[in-house]
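Biologist: I am new to this structure and should be grateful for a close look at a single part of it. Would you please take the packing of the two helices as the subject, and then follow the chain that runs between them?

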Amino acid sequence: MNIKQKRTLIIAAVIIVALLIIWIAFGGHIFTRTQVLVEKKDELFPDMVQKEWVNKFIWGLDLSLVISVITIFMGSILFYLFRDKKKSAELS
């Protein structure tokens, strides 16, 4: 394993760990959401509650997994392309 392959593995691992940290920071939801249901109380009638959809992006596990699979795929391609061609020719 040469230096370029090591860098590729390290960068892919850092990206995947960062994705998991972001997912946990957003609350650990399974599905990505673009809107959230919020309850708003009326000022005049405190017993009256209205539910309203608010545009808010929440990172989900599904988005993290898609990006992780793409990272693993690209990392494996780069790992293969950065191999030492001289050593592999000697082994054959």
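Modeller: What follows describes the pair of helices, then individual residues at their contact, and then the stretch that lies between them in sequence. The model is a predicted one, and every value below is computed from it.

Two packed helices are described by the angle between their axes and the distance between the axes. Here the partners are helix α1, residues 3–25, and helix α2, residues 61–81; the angle is about 180° and the axes are 10 Å apart. Because an angle over 145 degrees counts as roughly antiparallel, α1 is roughly antiparallel to α2. From α1, the contact draws on Q5, T8, L9, A12, I15, I16, L19 and W23. From α2, the residues that meet them are L61, S64, I67, S68, T71, I72, G75, L78 and F79. Sorted by class, this contact between α1 and α2 holds eleven nonpolar residues, six polar ones and no charged ones.

Helix α1 may be considered by itself next. Its 23 residues reach 33 Å from the first C-alpha to the last, which is close to the 33 Å expected at 1.5 Å a residue. At the N-terminal end, N2 serves as a cap: a side-chain oxygen of N2 lies 3.3 Å from the backbone nitrogen of K4. Just after the helix, G27 adopts a positive phi of about 115°. The buried residues of α1 are Q5, T8, A12, L19 and W23, and α2 is included in what covers them. Each of these five names also appears in the list of α1 residues that meet α2. I24, by contrast, is a residue of α1 that counts as exposed, because its relative accessibility is 57%. The C-alpha atom of I24 is nevertheless separated by 8.8 Å from that of W59, although the two residues are 35 apart along the chain.

On the side of α2, two polar residues repay attention. T71 lies in this helix and counts as buried, because its relative accessibility is 12%. Leaving aside neighbours within four places in sequence, T71 is in contact with A12, I15 and I16. The side chain of T71 also reaches the backbone oxygen of I67, at 2.8 Å. S64 is likewise placed in α2, and S64 counts as buried because its relative accessibility is 1%. Residues up to four places away in sequence not being counted, S64 touches L19, W23 and W59. With W59 there is a polar contact between side chains, at 2.6 Å.

The chain between the helices includes two strands, β1 (33–41) and β2 (49–58). T32 is found in the loop between α1 and β1. T32 is described as partly exposed because its relative accessible area is 27%. Residues up to four places away in sequence aside, T32 touches F57, I58, W59, G60, D62 and L63. Two polar contacts can be named for the side chain of T32. One reaches the backbone nitrogen of G60, at 3.2 Å, and another joins the side chain of D62, at 2.7 Å. The C-alpha atoms of T32 and D62 are separated by 6.7 Å, with their positions 30 residues apart along the chain.

E43 offers a contrasting case. This residue lies in the loop between β1 and β2 and counts as exposed, because its relative accessibility is 79%. E43 and L63 are 20 residues apart in sequence, yet 38 Å apart in space, C-alpha to C-alpha. L63 is also one of the residues that T32 touches.

To draw the account together: α1 and α2 lie roughly antiparallel, with no charged residues in their contact. Within that contact, S64 and T71 are both buried, at 1% and 12% relative accessibility. T32, in the loop between α1 and β1, makes a polar contact with the side chain of D62.

How values were computed:
Residues are numbered from 1 along each chain as its sequence is written. This is a predicted model: local features need pLDDT of at least 70, side-chain atom pairs count only at pLDDT 80 or more; totals for chains, interfaces and linings use all residues. Side-chain values use heavy atoms; hydrogens and water are left out. Axes are lines fitted to C-alpha atoms, for helices over the stretch in contact, and angles run from 0 to 180 degrees between N-to-C directions. Helices (H or I, at least four residues) and strands (E, at least two) are DSSP runs, numbered from the N terminus. Angles under 35 degrees count as roughly parallel, over 145 as roughly antiparallel, 65 to 115 as roughly perpendicular and the rest as oblique. Contact means heavy atoms within 4.5 Å. Ala, Val, Leu, Ile, Met, Phe, Trp, Tyr, Cys and Pro count as nonpolar, Asp, Glu, Lys and Arg as charged, and the others, Gly among them, as polar. Buried means under 20% relative accessible area, exposed over 50%, partly exposed in between (1.4 Å probe, protein chains only). A polar contact is a pair of N or O atoms within 3.5 Å; within protein, one must be able to donate a hydrogen and the other to accept it, and residues adjacent in sequence count only if both atoms are side-chain atoms. The expected span of a helix is 1.5 Å times one less than its number of residues.
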